[in-house]
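Please open the model in your viewer and keep the sequence panel visible. The tour below proceeds by selection, from the sheets to the cores and then to the open and enclosed spaces.

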Amino acid sequence: MKSIWAFGFAGLLGSLPLSSYAGSAVPYPDIADISHAEPETARLFKSFFAFKSQKNIDKTMAYFSSRLLTYTDATFGWNQDSPDAIRKVLPHAGQGISYPTRILGGSIRGAGSAVVEFTDTPELFGGELRIVGAVDFKDGKIIRWIDYWDSSSYNEERYHQFRKSEDQFPTDFKESGIPQNASKRIHDISRRLQSALAKGDAPTAAALFSNDAVFEDLAVRTQIRGQAAIERYFDRIRSAAPYAMESRLRHIVGSDLGGGFEWYGRASTGVTTGIMALTLDQNGKISRAASMYDGRLLGKSKASDLRSLAAEL
């Protein structure tokens, strides 16, 4: 298994009291949208990804709790349930970098949770990965991290080589080991949106969005703009999208600024799990929602059908 991990595990996050990179240059494109991130988490992500990109293993590992529940790649089914396990598979050399592009929510005084969107360059993992991670913190350290990404453009041979077989693929992401760790606002909005989507109730789901909101399905590369258009879209994809009819809630992360929820997918779509990232405006409405999952599991026909439903013809 070590040869698989030599490409680098998909992205890591940290939570130290203060970042040595908080006010200085970092060894990656400093482009992250932190407008909906808690300040301490924005600083800590900046530092963490700098150390990871520099292959500084000791400083990277300082962000993880000794009581880590799991660090799981939800696409390949790789799960590491201890800091020692993570240390063994971190990239120790090479030119690849990992950097955040958007941070939602975060911890306050070391407690809480967040969504982080980030990029791993091809040198790390054999292909460019655009990842959405759900992260929980306790006492200023990471206790749970789950990465979601779409493998549709990833090398097929390598995908089948690296992905765990169905009988070994983890279904427990250890969310049951964490009590409520998100703010009341993001918790309530996440539950209401997921429930409405699962029931196929497009009007109720769309009512949670602002007038000029954007909805994105990152796996099939579609974008819908405006609350009215989002409502019509939710009605069209109710039986086709894995996060819609018959989906179930897994875990919620984030603060009043944003975050999201992990979900179990509709069985008939072939997609078992994914995440919905949510950006909230000052009135508590959703200004952006983005769903990420492994689109390869849909198959070309279902993916094409879902993509075509973005068009209003």
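**First sheet**

Begin by selecting strand 2 (residues 70-73) and strand 3, which run antiparallel and are joined by three bridges. Strands and helices here are DSSP runs numbered from the N terminus, with E over at least two residues for strands and H or I over at least four for helices. Two strands count as paired if DSSP finds at least two bridges between them. Within this pair, Asp73 has Trp78 of strand 3 as its bridge partner.

The model is predicted: local features need pLDDT of at least 70, side-chain atom pairs count only at pLDDT 80 or more, and totals for chains, interfaces and linings use all residues. Residues are numbered from 1 along each chain as its sequence is written, and side-chain values use heavy atoms, with hydrogens and water left out.

Extend the selection to the whole sheet, an open arrangement of seven strands in the order 1-4-5-6-7-2-3 with mixed pairing. Strand 1 (33-37) and strand 3 (78-80) stand at the edges with a single partner strand each, so one side of each has no neighbour in the sheet. Neighbouring strands of this sheet are turned by 15 degrees against each other on average, direction ignored. For such angles, axes are lines fitted to C-alpha atoms, for helices over the stretch in contact, and values run from 0 to 180 degrees between N-to-C directions.

**Second sheet**

Next, select the open sheet of six strands, which has the order 9-8-13-12-11-10 and mixed pairing. Its edges are strand 9 (222-225) and strand 10 (248-255); each has a single partner strand, so one side of each is left without a neighbour in the sheet. At one edge, strand 8 (residues 209-217) pairs with strand 9 in the antiparallel sense over four bridges. There, Asp217 has Thr222 of strand 9 as its bridge partner.

Now isolate strand 12 (residues 273-280), in which eight of eight residues are buried, that is, under 20% relative accessible area, with exposed meaning over 50% and partly exposed in between (1.4 Å probe, protein chains only). Thr273, Ile275, Ala277 and Thr279 point one way from strand 12, while Gly274, Met276, Leu278 and Leu280 point the other way.

Add the partners of strand 12. Strand 11 (residues 258-264) pairs with strand 12 in the antiparallel sense over seven bridges, and Gly259 stands opposite Leu278. Strand 13 (residues 286-293) also pairs with strand 12 in the antiparallel sense, over seven bridges, and Ile275 stands opposite Met292. The hairpin of strand 12 and strand 13 has five residues between the strands, and Gly284 in this hairpin takes a positive phi near 80 degrees.

**Nonpolar cores**

Show the side chains of Phe64 and Trp145, which touch the most other members of the largest nonpolar core, a group of 38 residues. A nonpolar core is a set of buried Ala, Val, Leu, Ile, Met, Phe, Trp, Tyr and Cys residues joined through side-chain atoms within 4.5 Å. Helix 2 gives the largest share of this core, six residues. A second, separate core has 36 residues, including Phe234, Ile237, Ile252 and Leu298.

**Pockets and cavity**

Which residues line the largest pocket? Select Ser152, Tyr154, Glu156, Ala219, Val220, Gly295, Arg296, Leu298, Gly299, Lys300, Ala303 and Arg307. On a 1 Å grid over the protein atoms alone, a pocket is an open set of points with protein on both sides within 12 Å along at least five of seven lines; a cavity is a set where a 1.4 Å probe fits but cannot get out, and lining residues have an atom within 4 Å of a point. The volume of the largest pocket is about 220 Å³, where a volume is the space filled by probe spheres set on grid points joined across faces, edges and corners. Helix 10 (residues 299-308) gives the most to this lining, with four residues.

The second largest pocket holds about 170 Å³ of space; among its lining residues are Arg67, Phe137, Lys138 and Asn181.

Finally, select Ala74, Thr75, Tyr148, Trp149, Arg163, Val271, Thr272, Thr273, Tyr293, Asp294 and Leu297, which line the largest cavity. This cavity contains about 80 Å³ of space, and a search of the whole structure finds one cavity of 30 Å³ or more.
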